[in-house]
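This report was prepared for a reader who wishes to examine a protein model from its domains down to individual residues. The sequence and the structure are shown first.

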Amino acid sequence: MSDWKEYLDRALAYHGHICSGQILGLRVVLKGLSLLGMDPKVPQRDLMLFIETNRCMADAAFVITGITLGRRRLLMYNFGKAAITFLDLNTDTAFRVSVNSHIRPSKTEPDLVAFWSRYLDDEILTVQKVTVNLKPEDRPGRPQRRIACSICGEDVLDGRDVLLNGREVCRSCAGEAYYRSAGTTE
Ligand SMILES: [Zn+2]
Ligand SMILES: [Zn+2]
């Protein structure tokens, strides 16, 4: 298994600082890849990631796997948890790797790399074999479905539309909008 310290320079360049989240993220990702028998040194074509946080750890996953949001091989579940599930799209084998929360460096820890080096993976990570119910429309590849929202007219891809009073609409028009119109720009 690769040494997580080999990736610290790249993590620093991408994320901007080395924090416990980066270090734990590197370790979670290397663990997940090794469970699936995947080599972190080569680009992963059959890997899909389910990331449960949008904090520091998520960047470590991008650093090692090269998988970014737009590649459709990453789904974000913002559960606020330090955990990532690794799915082999070829075999549907999946493992969820999470961080045990009982070990924490003090706020004044001068050397986080040395601190986390003291712990073996088994002491800080929990592994579960899991089944992921990946919907066909969430698999990588060409869009399986594209409809125009019957209210705003904008295109909705990948089955993200919903039925509202029998009409296919986007989630914003169905009442899930995170924004509201503040008038036109002119
Ligand atoms: Zn960070
Ligand atoms: Zn709409």
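The sections below treat the domains, the metal sites, the nonpolar cores and the central strands in turn.

**Domains**

The model is predicted. The protein is divided into domain 1, residues 4-137, and domain 2, residues 142-176. The centres of domain 1 and domain 2, taken over C-alpha atoms, are separated by 33 Å.

**Metal sites**

The two zinc sites are set out in the table.

| Site | Donor atoms | Donor distance | Angles | Arrangement |
|---|---|---|---|---|
| Zinc ion (ligand 1) | His15 (NE2), His17 (NE2), Cys19 (SG), Cys56 (SG) | 2.1 to 2.3 Å | 93 to 138° | irregular |
| Zinc ion (ligand 2) | Cys149 (SG), Cys152 (SG), Cys170 (SG), Cys173 (SG) | 2.3 Å | 101 to 115° | tetrahedral |

Why is the arrangement around the zinc ion (ligand 1) irregular? Four donors count as tetrahedral if all angles lie between 85 and 135 degrees. The angles around the zinc ion (ligand 1) run from 93 to 138°, which makes the arrangement irregular. The 4 donor atoms of the zinc ion (ligand 2) subtend angles of 101 to 115°, and the arrangement is therefore tetrahedral. For four tetrahedral donors the ideal angle at a metal is 109.5 degrees.

Along the chain, the donors of the zinc ion (ligand 1) follow the spacing H-x1-H-x1-C-x36-C. His17 lies in the loop between H1 and H2 and Cys56 lies in helix H3, so this pair ties together parts that are 39 residues apart in sequence. His17 is partly exposed at 38% relative accessibility, and Cys56 is likewise partly exposed, at 25%.

The donor residues of the zinc ion (ligand 2) are spaced C-x2-C-x17-C-x2-C. Here Cys152 sits in the loop between strand E6 (146-148) and strand E7 (155-157), and Cys170 in the loop between strand E9 (167-169) and helix H6 (172-176), so the pair links parts 18 residues apart in sequence. Cys152 is partly exposed, with a relative accessible area of 35%, whereas Cys170 counts as buried at 10%.

**Nonpolar cores**

The largest nonpolar core has 34 residues, and Ile84 and Phe86 have the most contacts inside it. Elements that each supply at least two residues of this core include helix H1 (8-15), strand E1 (47-51), strand E3 (83-88) and helix H4 (112-117). The largest share, 7 residues, comes from H2. Among the residues that Phe86 touches are Val28, Leu33, Leu47, Leu49, Phe95 and Val97. A second, separate core of 8 residues includes Leu75, Leu89, Val130 and Leu134.

**Strands E3, E4 and E5**

E3 and E4 run antiparallel and are joined by 5 bridges; Ala83 has Ser98 as its bridge partner in E4. The hairpin of E3 and E4 has 5 residues between the strands, and there Asp92 takes a positive phi near 65°. E4 is also joined to strand E5 (residues 125-130), by 6 bridges in an antiparallel manner, and Val97 has Val127 as its bridge partner in E5.

Is E4 enclosed by the structure or exposed? Because 6 of its 6 residues are buried, E4 is largely enclosed by the rest of the structure. In a regular strand the side chains alternate between the two faces of the sheet. Ala94, Arg96 and Ser98 point one way from E4, and Phe95, Val97 and Val99 point the other way.

Thr85 lies in strand E3 and is buried, with a relative accessible area of 7%. The residues touched by Thr85 include Met48, Phe50, Ala94, Arg96 and Val132.

Key:
Residues are numbered from 1 along each chain as its sequence is written. Chains are lettered from A and ligands numbered from 1 in the order in which they are written. This is a predicted model: local features need pLDDT of at least 70, side-chain atom pairs count only at pLDDT 80 or more; totals for chains, interfaces and linings use all residues. Side-chain values use heavy atoms; hydrogens and water are left out. Donors are N, O and S atoms within 2.8 Å of the metal (3.2 Å for Na, K and Ca); water is not among the atoms, so sites may look incomplete. Four donors count as tetrahedral if all angles lie between 85 and 135 degrees; four count as square planar and six as octahedral if opposite donors are over 155 degrees apart and all others between 65 and 115; anything else is irregular. Helices (H or I, at least four residues) and strands (E, at least two) are DSSP runs, numbered from the N terminus. Buried means under 20% relative accessible area, exposed over 50%, partly exposed in between (1.4 Å probe, protein chains only). A nonpolar core is a set of buried Ala, Val, Leu, Ile, Met, Phe, Trp, Tyr and Cys residues joined through side-chain atoms within 4.5 Å. Contact means heavy atoms within 4.5 Å. Domain bounds come from an automatic or database domain assignment. Two strands pair if DSSP finds at least two bridges between them. Lists of a residue's contacts leave out its neighbours within four places in sequence.
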